[in-house]
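Reader: I am a first-year student and should be grateful for a close look at one part of this structure. Could you please describe the pocket and its lining with care, and then relate them to the rest of the chain?

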Amino acid sequence: MPATRLPDISTSRTTFAPRRLLKFASVGLAATVVYAICASLFTSAGSGYLSPALASLAAYAVAAIFSYLGHKFFTFMSAGSHRFEAPRFAVLTGCGLAVAYLLPALLVGRFGLPVWVPILLTCVLIPVVNFVVLDRWIFSGRSHG
């Protein structure tokens with residue numbers, strides 16, 4: 001009777017592995033710092049080229065590029081193609097921006113809720129959705145190393 005080979009569990013895709021969640025949070029925190037630094041620099045007295053809104057948008061774009069590269073190479077260690085993953089990441093980022101805009105517009109502007117409600121929802125929903133979408137749709141072709 002031949003020996004039964006057990007599956008190699010080291011390559012299983014455990015979405016909520018604590019190590020991957022820690023990496024995800026680290027990249028997210030670093031991207032937030034990148035955004036804050038860039039937004040501050042882009043609106044500083046010496047760089048009077050951008051309005052605060054445009055400076056924030058430009059800083060968000062820089063932070064998004066940082067975030068994409070951090071999640072691709074550090075969090076999910078993806079071997080997938082940039083041509084495949086980068087456009088998907090851009091869609092996810094655009095959706096996150098839309099939610100961050102629409103939640104306050106609807107919940108505060110339309111329904112009169114306190115401003116902390118959409119801020120809290122944005123801070124909780126966006127990272128949870130992002131983690132799942134990054135894991136299952138964007139970086140699904142990652143290596144298992």
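Author: Let us begin with the character of the lining. By class, the residues that line the largest pocket comprise 15 nonpolar and 8 polar ones, with no charged residues. The model under discussion is a predicted one, and the description that follows should be read in that light.

The lining of the largest pocket consists of 23 residues in total. Those that lie nearest the centre of the pocket are G28, T32, Y60, I126 and N130. The pocket itself has a volume of about 700 Å³.

Which helices supply the lining of the largest pocket? Helix 1, helix 2, helix 3 and helix 4, the last of which spans residues 116-138, each contribute at least two residues to the lining. The chain contains 4 helices and 0 strands, and its pattern along the sequence reads α-α-α-α. Of the 145 residues in the chain, 28% count as buried.

One of the residues named above also leads us to the surface. Y60, which is among those nearest the centre of the largest pocket, belongs as well to a nonpolar patch on the surface. The other members of this patch are Y49, L50, L54, L57 and L97, and together the six residues have about 630 Å² of accessible area. Helix 2 gives the most to the patch, with 3 residues. L50, by contrast, is found in the loop between helix 1 (18-42) and helix 2. L50 is partly exposed, with a relative accessible area of 33%.

Charged residues, absent from the lining of the largest pocket, may be considered next. The structure holds 2 salt bridges. In one of them, the side chains of E85 and K72 meet at 2.5 Å, N to O. This pair links distant parts of the chain, for E85 lies in helix 3 (residues 82-110) and K72 in helix 2 (residues 52-75), 13 residues apart. The C-alpha atoms of K72 and E85 are separated by 8.6 Å.

Are the two partners buried or exposed? E85 has a relative accessible area of 1% and is therefore buried. K72, with a relative accessible area of 2%, is buried too. The cut-off applied here is that a residue counts as buried when its relative accessible area is under 20%.

The other salt bridge joins the side chains of R136 and D135, at 3.1 Å, N to O. R136 is partly exposed, with a relative accessible area of 45%, whereas D135 counts as buried at 0% relative accessibility.

Finally, the loop between helix 2 and helix 3 deserves attention, and M77 lies there. What is notable about the phi of M77? Its value is positive, about 45°, although M77 is not a glycine. Most residues other than glycine have a negative phi. M77 counts as partly exposed, at 29% relative accessibility.

To return to the part you asked about, the lining of the largest pocket draws at least two residues from each of helix 1, helix 2, helix 3 and helix 4. Helix 2 also gives the most to the nonpolar patch and holds K72, whose side chain meets that of E85 in a salt bridge.

Methods:
Residues numbered from 1 in each chain as written. Predicted model: local features only at pLDDT ≥ 70, side-chain atom pairs only at ≥ 80, totals over all residues. Heavy atoms only, no water. Salt bridge = Lys/Arg side-chain N within 4 Å of Asp/Glu carboxyl O. Buried < 20%, exposed > 50% of the residue type's maximum accessible area, 1.4 Å probe, protein only. Patch = residues over 30% accessible without salt bridge, like charges linked within 9 Å, V, L, I, M, F, W, Y side chains within 5 Å. Areas by Shrake-Rupley, 256 points an atom, 1.4 Å probe, with all protein chains shown as cover. 1 Å grid on protein atoms, 1.4 Å probe; cavity = no way out; pocket = protein on both sides within 12 Å on 5 of 7 lines; lining within 4 Å. Points joined across faces, edges and corners; volume = space filled by probe spheres on them. Nonpolar A, V, L, I, M, F, W, Y, C, P; charged D, E, K, R; others polar.
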